[in-house]
Amino acid sequence: MAGIPDIEISDRHERILDAIVRLFIESANPVGSRTVSKNIDLEWSAATIRNVMADLEDAGLLRQPHLSAGRVPTENAFRYWITRNVKPKRPGAELQERIRSAVAA
């Protein structure tokens, strides 16, 4: 499953997925719709969030460990999230020089 998933989702789906990934990273626990609606400033009800979560599960971005649990992001969800939220930075001049010296040695 290497590579970046080629997935297109709506803005609503993307915002809810972002919230789920962030909450999962903070807690390392499955995330439920009520948790999302209480912890993130979104204008949607827990029922709407549940429906979006089901769509994201159908798209392979979330999974439900068991029936009474919330959802957890899949590997594809993390890849999707990282490509949209993590921007690489060029190393500073000092680090570049240290890298050059290490490679030349």
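Two residues are in contact when they have heavy atoms within 4.5 Å of each other. Keep that in mind for the whole tour. What you have open is a predicted model, in which local features need pLDDT of at least 70 and side-chain atom pairs count only at pLDDT 80 or more, while totals for chains, interfaces and linings use all residues. Residues are numbered from 1 along each chain as its sequence is written, and side-chain values use heavy atoms, with hydrogens and water left out.

**Whole chain**

Start with a cartoon view. You should find five helices and two strands, where helices (H or I, at least four residues) and strands (E, at least two) are DSSP runs numbered from the N terminus. Walk along the sequence and the order reads α-α-α-β-β-α-α. The radius of gyration, taken over C-alpha atoms, is 18 Å, well over the 13 Å that the globule rule gives for 105 residues, so the chain is more spread out than a compact globule. That rule is 2.2 Å times the number of residues to the power 0.38. Along its principal axes, the C-alpha trace spans about 60 × 30 × 25 Å.

Now colour by burial: buried is under 20% relative accessible area, exposed is over 50%, and partly exposed is in between (1.4 Å probe, protein chains only). Of the 105 residues, 30% count as buried. As for contacts with a separation of 6 or more, residues 24 or more positions apart account for 55% of them.

**Stop 1: Ala 28**

Select Ala 28, in the loop between helix 1 (11-27) and helix 2 (33-39). Check its backbone: phi is positive, about 60 degrees, although Ala 28 is not a glycine. Most residues other than glycine have a negative phi. Ala 28 counts as exposed because its relative accessibility is 56%.

**Stop 2: Leu 56**

Jump to helix 3 (residues 46-58), where you will find Leu 56. Leu 56 counts as buried because its relative accessible area is 0%. What is Leu 56 in contact with, leaving aside its neighbours within four places in sequence? Show Ile 9, His 13, Leu 17, Leu 61 and Leu 62. Then draw a C-alpha to C-alpha distance from Leu 56 to Pro 73: they are 17 residues apart in sequence and 9.3 Å apart in space.

**Stop 3: helix 4**

Next, select residues 75-85, which make up helix 4, and show its buried residues: Ala 77, Tyr 80 and Trp 81. Look down the helix axis: these buried residues fall within an arc of 95 degrees, so they line one face of helix 4. (The arc is that of the directions from the helix axis to the C-beta atoms.) Which elements do the buried residues of helix 4 pack against? Bring up helix 1 and strand 2 (72-73).

**Stop 4: Pro 91 and Gln 96**

Move on to the loop between helix 4 and helix 5, and pick Pro 91. With 33% relative accessibility, Pro 91 counts as partly exposed. Add Gln 96, in helix 5 (residues 93-104). Buried or exposed, which is Gln 96? Gln 96 counts as buried, at 18% relative accessibility. Not counting residues up to four places away in sequence, Gln 96 touches Arg 90 and Pro 91.

For a last distance, go from Pro 91 to Ala 105: the two are 14 residues apart in sequence and 20 Å apart in space, C-alpha to C-alpha.

Terms used. The arc is that of the directions from the helix axis to the C-beta atoms.
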